[in-house]
Amino acid sequence: MNLETVIQVNSICKCYGPYNALNEVSFEVNRGELFGIIGTSGAGKTTLLEMLMGLRRPDQGTIEVLGMDAIMEAKQLKEYIGMHMYSNSLVDNLTVREALELFQSFYIKQNDIDRIIADLELEPYVNKPVKRLSGGWQQRIALAFALVNDPEIIFLDEPTTGLDKQARADYWALLMKLKSQGKTIVMASHDMGEMQRNCDRIAVLRKGDIVRCDSPQQLISQIPEGCFSMEGVYVHFAYAGM
Ligand SMILES: Nc1ncnc2c1ncn2[C@@H]1O[C@H](COP(=O)(O)OP(=O)(O)OP(=O)(O)O)[C@@H](O)[C@H]1O
């Protein structure tokens, strides 16, 4: 298989004062992959995602995304990546269409808003204020915001947290649709069942170290007999020794 690396992370470190949030983290992501990041609270998932998006500078190491230096060329890079914004509070009072148009205005490279609305099945909600939507639909809208510049890579930080089972399943179905369109997706999540079903590879972060990075099947095969799920991988690798 001919794999194209779209993210290359080499030995990045990040300290907050005396606290080591990331220690010599290295990995790569290939085009079209759904790449998961798991770890306990405080393991460094958000810090890592923020660095991949060019929002936070590592103390040491390099990050190349789509051939660009994520720090030095962050402005150019932003045209080619999508970010899931955890809070919609800035646009609460706008309608869904108005909010999409606002976010689109931040970019030179633009997607067709009607296509995003159709793809994410947002038609019934386009003229409703964002704040009137349920949690599940707000997360779907946040995903729509991440698509306004037709990004090559989409970064998502625990987007299904707080959603009920049906809303989670619907959200994952959308992600699989985007993956089938060739998007690369990098996401942190605590949704182990869906990560196991849908991710191509998963990095396990423990206290700032990537302790494992492999396909869900390979990760499961590395834990003691009798465990058959990502829950077991999480307990064994992400939690071990904590
Ligand atoms: N701006 C900051 N200043 C100081 N410490 C920080 C800062 N941001 C994060 N940290 C600390 O760095 C560590 C990693 O935080 P991070 O948010 O990356 O973890 P996480 O795995 O995303 O956690 P969660 O699942 O709770 O979101 C935590 O101990 C956190 O308290």
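**View 1. Polar contacts between Glu158, its neighbours in the view and the ligand.** In this predicted model, a polar side-chain atom of Glu158 lies 3.2 Å from an oxygen atom of the ligand, which is a polar contact, that is, a pair of N or O atoms within 3.5 Å. Backbone atoms take part as well: a backbone N or O atom of Ala43 is 3.1 Å from an oxygen atom of the ligand, and a polar backbone atom of Gly44 is 2.9 Å from a ligand oxygen atom. Around the ligand there are 13 residues (each with a heavy atom within 4 Å of it), of which Ser41, Gly42, Lys45, Thr46 and Thr47 come nearest.

**View 2. Helix 3 against helix 5.** Helix 3 (residues 96-104) packs on helix 5 (residues 135-145) at an angle of about 30 degrees, and their axes, lines fitted to C-alpha atoms over the stretch in contact, are 10 Å apart. The two helices are therefore roughly parallel, a term for angles under 35 degrees, and their crossing is right-handed. Val96, Ala99, Leu100 and Phe103 of helix 3 meet Ile141, Ala144 and Phe145 of helix 5, where contact means heavy atoms within 4.5 Å. Sorted by class, this contact holds seven nonpolar residues, with no polar and no charged ones.

**View 3. Helix 5 against helix 6.** The axes of helix 5 and helix 6 (residues 165-180) come within 10 Å and cross at roughly 15 degrees, so helix 5 is roughly parallel to helix 6. Here, too, the crossing is right-handed. Helix 5 contributes Gly136, Gln139, Arg140 and Leu143 to the contact, while helix 6 contributes Ala167, Asp170, Tyr171, Leu174, Leu175 and Leu178. By class, the contact of helix 5 with helix 6 has six nonpolar, two polar and two charged residues.

**Notes to all views.** Residues are numbered from 1 along each chain as its sequence is written, and side-chain values use heavy atoms, with hydrogens and water left out. Because the model is predicted, local features need pLDDT of at least 70 and side-chain atom pairs count only at pLDDT 80 or more, whereas totals for chains, interfaces and linings use all residues.

How values were computed
Axes fitted to C-alpha atoms, helices over the stretch in contact; angles between N-to-C directions. Helix = DSSP H or I, 4+ residues; strand = E, 2+ residues; numbered from the N terminus. Parallel < 35°, antiparallel > 145°, perpendicular 65-115°, else oblique. Left-handed = near helix turned anticlockwise from the far one by under 90°. Nonpolar A, V, L, I, M, F, W, Y, C, P; charged D, E, K, R; others polar. Polar contact = N/O pair within 3.5 Å; in protein donor to acceptor, adjacent residues only side chain to side chain.
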